[in-house]
Amino acid sequence: MKGQMELMEYLFLTVFVILIIIVLMFFITGWQVTQSGIERTKEVSDEVTFLMKKFSTMDYFVKEDGVFDDAKLTVLSSMENVCEELRPILGSNWFATITVFDESGSIKVCTESNYPDCNHWSFCKKENRDFVSRKLPVNIYRNTNRIGDSIFAKNDIGVLEVGFYEI
Amino acid sequence: MKYRGQSTLILILIVIMIFLGLGIFLLSFAGSIQKEEYMNTYTNNLLLSLLRTDTGYQDASCKQISDLIGCSFSNPNWHCGEAGSGCKEIGENLVDHYINKFDDVKNKYNYLLVARVEGRTDTFVVGNESVLENRGDRLTANEVLLKDIRGRQYYIKITLILEKK
């Protein structure tokens with residue numbers, strides 16, 4: 001009887017050890033999957049951060065670091081194939097928008113025909129795909145801001161949103 | 001000897017639980033570092049952009065938000081253009097107005113902007129002062145302005161604190 005009991009005990013122990021090994025295997029696999037997910041998220045996040053910094057400092061768009069020039073933005077956003085033109089510098093799979101917080105309360109996309117009575121610029125249209133985006137407060141230098149009948153240049157406040165598509 | 005099998009099992013389970021706990025802790029830590037870096041950049045840019053924003057007044061004491069903050073120490077009752085109120089009051093209203101334009105800040109954070117000149121007791125304060133008393137998750141950005149106040153140059157230290165709601 002004692003021998004059988006010991007045998008049963010070892011049998012149970014073996015089964016439990018196998019179960020534990022399986023749990024550990026699941027844990028390690030899960031860990032690996034999560035790690036690669038984190039790596040991917042970090043890559044996308046780094047990419048967005050790079051785009052955000054590059055966008056807010058590139059001479060094509062800004063008057064000085066963090067201050068976008070509305071005339072430059074209008075010319076560039078009105079260009080056909082602007083994404084293709086910017087691909088060698090900024091890469092692909094991204095979009096960016098710049099919005100001025102003015103008193104109009106509504107978004108008016110800037111084109112060469114309605115400039116300067118507008119407050120929103122868009123580069124590479126937002127697509128219906130998964131993306132990671134970041135927003136950053138910025139200034140927008142309005143070259144021809146109207147106050148009554150006079151025209152003054154002024155710095156407005158707004159937001160830059162940069163997104164990167166998760167492939 | 002009778003409970004040897006059970007004690008081994010319990011020991012193994014404890015080891016597994018420690019591994020799982022350690023894993024979860026490390027994973028949560030990795031995510032929060034990235035978010036914090038971005039939010040620090042966000043807070044610094046918010047303060048810098050705010051200070052550089054034009055108010056619409058052409059008067060040198062009132063042209064930008066930073067000028068209004070300077071004016072609130074040199075001559076707080078100075079009237080900007082046709083405005084009925086003093087530059088300090090205009091500055092406080094505009095800072096609040098612009099910060100509330102940012103939905104991310106408005107919905108998720110309490111903010112406090114404090115400007116001080118060393119050696120003086122008066123301050124320029126906008127926002128929720130309870131932020132100073134609470135010990136919640138907070139982000140801080142600092143800037144220093146050099147302004148001429150009554151013929152003397154002063155450093156104005158400006159701090160923006162965002163605290164999670």
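The exercises below concern the chain contact and a sheet in a predicted model.

**Exercise 1.** Describe the side of chain A that touches chain B: how many residues does each chain give, and which elements of chain A take part?

Solution.
1. Count the residues: the contact takes 29 from chain A and 26 from chain B.
2. Assign the chain A side to elements. Those giving two or more residues are α1 (2-55), β5 (131-147) and β6 (150-165) of chain A.
3. Rank the elements: α1(A) gives the most, with 14 residues.
4. Sort by residue class: this side of chain A has 17 nonpolar, 6 polar and 6 charged residues.

**Exercise 2.** Work out the strand order of the sheet in chain B and find which strands lie at the edges.

Solution.
1. Take the order: 4 strands of chain B form an open sheet, β2-β1-β4-β3, with antiparallel pairing.
2. Find the strands that pair on one side only: β2 (123-127) and β3 (138-149) of chain B are the edge strands.
3. Inspect the pair β1 (residues 109-117) and β4 (residues 152-164) of chain B: 9 bridges join these antiparallel strands.
4. Locate a facing position in β4(B): Ile158(B) stands opposite Ala115(B).
5. Add the twist, which averages 15° from one strand to the next.

**Exercise 3.** State which strands of chain B helices α2 and α3 of chain B lie across, and at what angles they run.

Solution.
1. For α2 (residues 65-74) of chain B, the strands are β1, β2, β3 and β4 of chain B. The helix α2(B) runs at about 65° to β3(B).
2. For α3 (residues 87-99) of chain B, the strands are β1 and β2 of chain B. The helix α3(B) runs at about 30° to β2(B).

How values were computed
Residues numbered from 1 in each chain as written. Chains lettered and ligands numbered in written order. Predicted model: local features only at pLDDT ≥ 70, side-chain atom pairs only at ≥ 80, totals over all residues. Contact = placed C-beta atoms within 7 Å. Nonpolar A, V, L, I, M, F, W, Y, C, P; charged D, E, K, R; others polar. Pairing = 2+ DSSP bridges. Axes fitted to C-alpha atoms, helices over the stretch in contact; angles between N-to-C directions.
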